[in-house]
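Subject: Structure handover

Hello,

Here is the structure we spoke about. Please keep it open while reading the notes under it.

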Number of protein chains: 2
Amino acid sequence: MDDELSRTFAALADPTRRAILARLADGPAPVNELAQPFDMTPQAISKHLKVLESAGLISRSRQGQWRPCRLEVAPLDAVTAWIARYRAAWADSFDRLEAEIKKMRHKEDG
Amino acid sequence: MDDELSRTFAALADPTRRAILARLADGPAPVNELAQPFDMTPQAISKHLKVLESAGLISRSRQGQWRPCRLEVAPLDAVTAWIARYRAAWADSFDRLEAEIKKMRHKEDG
DNA sequence: CCGATACTCAACCAAACGGTTTATAAACCT
DNA sequence: AGGTTTATAAACCGTTTGGTTGAGTATCGG
């Protein structure tokens, strides 16, 4: 599990981490705020953030005693590009995509 | 790691499995042909195929003594749809996508 | 029937993962 | 200075993962 794409997929293969990214899509947040929804110690969240950061999916800065996390979408582009190679036709794939997105609009998931 | 999306991401988080999918994008193939490029026992490949199948990324049939595997793209649509939620604007994301695909055209990866 | 080929199952093993607890560092606030 | 809050580090632990070997199943072809 050393290459970029593997790290990205592995990072996304966890509901907690996807939920964290979902939260970050609404804007940056410090660790304790990210940890709050989960029945889990802050240390566990810290580990998840480390995984996300090492996959390039988030970046962290410092603001006083807080460490705000920000979503970084670049690795997601790589994923989408990789997936795009497995579609026979772009038109078809976008049709399916639209259907998927419609299905998804009323779910939350992480 | 029980939900659909997690299983899909986890299945994709391995270079061997991605290489298998890449091969299958050119058409169905039996296990021994899929195993051939790898320095690994057929049993290991069989395990990988099991992971891919349980993620819905391939389907297997029987043809005599062979078990041809076929690529199934439906889970990839779910992944792309999930990722799409993290783009601020579609236009931007397609621009980036194009760039990524260009970068990728001259790589092989799995 | 017999052997070869294609594939899978089961047991095992080292390494990685996802969580915990304990301890530590850094910034804030009296 | 001292205590609180925010966050990470380190050690540990049970489970999963990715590979192995060895045995077993199924189909083909004499």
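The notes below cover the DNA contacts, one helix and the cysteines.

Please bear in mind that this is a predicted model.

DNA strand D. There are 22 residues around this strand, and those that come nearest are A:N32, A:S46, A:R60, B:K47 and B:H48. By type, the residues of this surface comprise eight charged, nine polar and five nonpolar. On the DNA side, 67% of the atoms of strand D within 4 Å of the protein belong to sugar or phosphate, and the rest belong to bases.

Three polar contacts can be looked up directly. A polar side-chain atom of A:S46 is placed 2.7 Å from a phosphate oxygen of strand D. A:V31 uses its backbone instead: an N or O atom there lies 3.2 Å from a phosphate oxygen of the strand. B:Q43 has a polar side-chain atom 2.8 Å from a base oxygen of strand D. The elements giving two or more residues to this surface are α3 (31–35) and α4 (42–54) in chain A, along with α4 (42–54) in chain B.

Helix α5 of chain A. This helix spans residues 74–84 and is largely enclosed by the rest of the structure, because ten of its eleven residues are buried. Among the buried ones are A:L76, A:V79, A:W82 and A:I83. A:D77 and A:T80 are buried as well.

Cysteines. A:C69 is buried, at 0% relative accessible area. B:C69 is likewise buried, also with a value of 0%. A search of the whole structure for disulfides, over all chains, finds zero.

Regards

Technical notes: Residues numbered from 1 in each chain as written. Chains lettered and ligands numbered in written order. Predicted model: local features only at pLDDT ≥ 70, side-chain atom pairs only at ≥ 80, totals over all residues. Heavy atoms only, no water. Near = heavy atom within 4 Å. Polar contact = N/O pair within 3.5 Å; in protein donor to acceptor, adjacent residues only side chain to side chain. Helix = DSSP H or I, 4+ residues; strand = E, 2+ residues; numbered from the N terminus. Nonpolar A, V, L, I, M, F, W, Y, C, P; charged D, E, K, R; others polar. Buried < 20%, exposed > 50% of the residue type's maximum accessible area, 1.4 Å probe, protein only. Disulfide = S-S within 2.5 Å.
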